[in-house]
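Grab a pencil and work through these exercises with the model open beside you. Try each task before you read its solution.

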Amino acid sequence: MPIRPFVMWPDKRLHTPAADVAEITDDIHAIWADMVDSMDAMPGSGVGLAAPQIGVMLRLAVVDVTPDRSRRILLANPEILGTGPETAKGTEASPCLPGVDAQILRPTTVSVRYLNPQGMIDRRDFSGLEARSVQHQIDHLAGRMYFDNLGRVKRDMLLRKARKAK
C-alpha cells in the first residue's frame with residue numbers, strides 16, 4: 001500500500017475533530033494498510049498514527065510499539081473508558097511537526113473501547129508505551145496535538161523552536 005504524505009502543522013485538519021466510522025469496510029481496511037505503511041516509514045520508527053495525520057478525517061488509528069512490528073493494533077472510533085491512577089512523563093513527537101518533542105504527563109494504563117478490524121466492539125487495557133501511543137492517537141482524533149497538553153509557555157517555546165527548525 002502507498003505511504004501517504006503527512007499533514008503538516010498548522011493545517012486546520014490537525015485541530016479539527018475527526019468523524020466517526022460508521023462500519024468497517026474494504027475502504028477502511030485499505031486506509032489502515034496505508035496508515036501502517038506510513039507509520040513504518042516514519043523517521044525514528046513511529047509507534048502510532050491517527051488518520052487525520054495523513055489527511056483522512058475519520059476516527060482511525062494504528063499502534064505498534066514493538067521493535068519487530070509484530071503487534072499491530074487497528075482501532076476505529078477509540079474511546080477512553082478509564083485510566084489507572086499512576087502517571088508518568090514520556091517523550092512525544094509527531095511527524096506533522098518535525099524537529100521537536102516534549103515530555104508529556106499521561107496515565108500509564110488506559111482502558112479503551114473501539115471497533116476492531118472485524119467490525120466488532122472491542123475493549124482492551126493498554127499499559128506503558130502502548131497506553132501512551134493510544135492516548136496520543138485519540139488526542140489527534142479529537143483535533144489535539146501532543147503539545148496541547150503543555151502549559152502555554154512551554155507550548156509557545158516548542159512552536160517557536162519548530163518554526164526555527166524548518
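Before you start, one term: a residue is buried under 20% relative accessible area, exposed over 50%, and partly exposed in between, using a 1.4 Å probe and protein chains only. This is a predicted model, where local features need pLDDT of at least 70 and side-chain atom pairs count only at pLDDT 80 or more, while totals for chains, interfaces and linings use all residues. Residues are numbered from 1 along each chain as its sequence is written, and side-chain values use heavy atoms, with hydrogens and water left out.

**Exercise 1. Sort Asn 77, Arg 69 and Ala 41 by how covered they are, and place them in the chain.**

Step 1: find Asn 77 in strand β3; at 16% relative accessibility, Asn 77 is buried. Step 2: go to the loop between β2 and β3 for Arg 69, which has a relative accessible area of 18% and so is buried. Step 3: Ala 41 sits in the loop between α1 and β1, and with 43% relative accessible area it is partly exposed. (Helices here are DSSP runs of H or I with at least four residues, strands are runs of E with at least two, and both are numbered from the N terminus.)

**Exercise 2. Look for unusual backbone geometry.**

Step 1: recall the background. Most residues other than glycine have a negative phi, and most peptide bonds are trans. Step 2: check phi. Arg 69 has a positive phi near 55°, and Asn 77 has a positive phi near 55° too. Just after α2, Gly 143 takes a positive phi of about 85°. Step 3: check omega. Trp 9 and Pro 10 are joined by a cis peptide bond with omega about 15°; Pro 10 belongs to the segment before α1.

**Exercise 3. Test the lengths of helices α1 and α2 against the 1.5 Å a residue rule.**

Step 1: the expected span is 1.5 Å times one less than the number of residues. Step 2: α1 (residues 26-40) has 15 residues, so it should span 21 Å, and its end C-alpha atoms are indeed 21 Å apart. Step 3: α2 (residues 128-141) has 14 residues and should span 20 Å, which agrees with the 20 Å between its end C-alpha atoms.

**Exercise 4. What covers the buried residues of α1, and how many residues of α2 are buried?**

Step 1: list the buried residues of α1, among them Ile 28, Ile 31, Trp 32, Met 35 and Met 39. Step 2: think about spacing. An α-helix has 3.6 residues a turn, so residues three or four places apart point the same way. Step 3: look at the cover over those α1 residues, which includes β1 (48-50), β2 (60-63), β3 (73-83) and β6 (109-115); contact means heavy atoms within 4.5 Å. Step 4: turn to α2, where 12 of the 14 residues are buried, including the charged-type names Glu 130, Arg 132 and Asp 139.

**Exercise 5. Describe the chain as a whole.**

Step 1: count the elements: 3 helices and 7 strands, in the order α-β-β-β-β-β-β-β-α-α. Step 2: check the radius of gyration, taken over C-alpha atoms, with the globule rule being 2.2 Å times the number of residues to the power 0.38. For 166 residues a compact globule would come near 15 Å, and the chain has 15 Å, so the two agree. Step 3: 46% of the 166 residues count as buried.
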